[in-house]
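Got a model open and wondering what to make of it? Let's walk through it in a few quick questions and answers.

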Amino acid sequence: MSLTTDFTPRASWARRVTLCRCGASKNKPFCDGEHAAIGFQAGPAAAAK
Ligand code: FES
C-alpha cells in the first residue's frame with residue numbers, strides 16, 4: 001500500500017522570514033540585514049552594557 005496526497009506546500013510557507021528587532025530595516029516589519037551595519041546587539045551582550 002502506498003500513501004499519496006495532492007498536498008503541495010506553498011512556496012511562501014517554505015520561505016523563512018525574520019522580523020526586525022533593531023528598528024533600522026528599510027523593509028519593516030522584516031529584517032533586511034541592516035542590524036549588522038548599525039551594530040545592533042540583543043540578548044546577553046546588550047544587557048551587559
Ligand atoms: S533586526 Fe533590524 S534589520 Fe535586522
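Q: Which element of the protein chain has the highest mean pLDDT, and which the lowest?
A: Keep in mind that this is a predicted model, so confidence is a good place to start. The chain as a whole averages a pLDDT of 83, and 84% of the residues score at least 70. Broken down by element, the highest mean is 96, for H2, and the lowest is 62, for H1.

Q: What pattern does the protein chain follow along the sequence?
A: Start with what it's built from: three helices and zero strands. Reading along the sequence, you get α-α-α.

Q: How much of the protein chain counts as buried?
A: The chain exposes about 4,500 Å², and carbon and sulfur atoms supply 56% of that. As for the residues tucked away, there are 49 residues in the chain, and the share that counts as buried is 2%.

Q: Is Ser25 buried or exposed?
A: Ser25 sits in the loop between H1 and H2. Its side chain reaches the backbone oxygen of Phe30 at 2.5 Å. The relative accessible area of Ser25 is 4%, and the cut-off for buried is under 20%, so Ser25 is buried.

Q: Which residues form the nonpolar patch on the surface?
A: One member is Leu19, found in the loop between helix H1 (11-14) and helix H2 (34-38). Leu19 has 55% relative accessibility, so it counts as exposed. The patch has about 270 Å² of accessible area together, and its members are Val17, Leu19 and Phe30.

Q: Which side chains meet in a salt bridge?
A: Side chains of opposite charge can pair when their charged atoms come close. The structure holds one salt bridge. Its N to O distance is 3.5 Å, and the partners are Lys26 and Glu34.

Q: Of those two partners, is Lys26 exposed or buried, and how does Glu34 count?
A: Lys26 has 68% relative accessibility, and the cut-off for exposed is over 50%, so Lys26 counts as exposed. Glu34 comes in at 24% relative accessibility, so Glu34 counts as partly exposed.

Q: How many disulfides does the structure hold?
A: You may want to check the cysteines here, and Cys22 and Cys31 are two to look at. Cys22 has 22% relative accessibility and counts as partly exposed. Cys31, with a relative accessible area of 30%, is partly exposed as well. As for disulfides, the count is zero.

Q: What separates the C-alpha atoms of Cys22 and Ala42?
A: Cys22 lies in the loop between H1 and H2. Along the chain, Cys22 and Ala42 are 20 residues apart. In space, their C-alpha atoms are separated by 8.7 Å.

Q: Which residues does a cis peptide bond join?
A: Most peptide bonds are trans. Here, though, look at Pro29, which lies in the loop between H1 and H2. Omega is about 10° at the cis bond, and the residues joined are Lys28 and Pro29.

Terms used:
Residues are numbered from 1 along each chain as its sequence is written. This is a predicted model: local features need pLDDT of at least 70, side-chain atom pairs count only at pLDDT 80 or more; totals for chains, interfaces and linings use all residues. Side-chain values use heavy atoms; hydrogens and water are left out. Patches are made of residues with over 30% relative accessible area and no salt bridge: like charges are joined within 9 Å, nonpolar side chains (Val, Leu, Ile, Met, Phe, Trp, Tyr) within 5 Å. Accessible areas come from the Shrake-Rupley method with a 1.4 Å probe; for residues, only the protein chains shown count as cover. A salt bridge is a side-chain nitrogen of Lys or Arg within 4 Å of a carboxyl oxygen of Asp or Glu. Helices (H or I, at least four residues) and strands (E, at least two) are DSSP runs, numbered from the N terminus. Buried means under 20% relative accessible area, exposed over 50%, partly exposed in between (1.4 Å probe, protein chains only). pLDDT is the predictor's confidence in each residue, from 0 to 100. A disulfide is a pair of cysteine sulfur atoms within 2.5 Å. A polar contact is a pair of N or O atoms within 3.5 Å; within protein, one must be able to donate a hydrogen and the other to accept it, and residues adjacent in sequence count only if both atoms are side-chain atoms.
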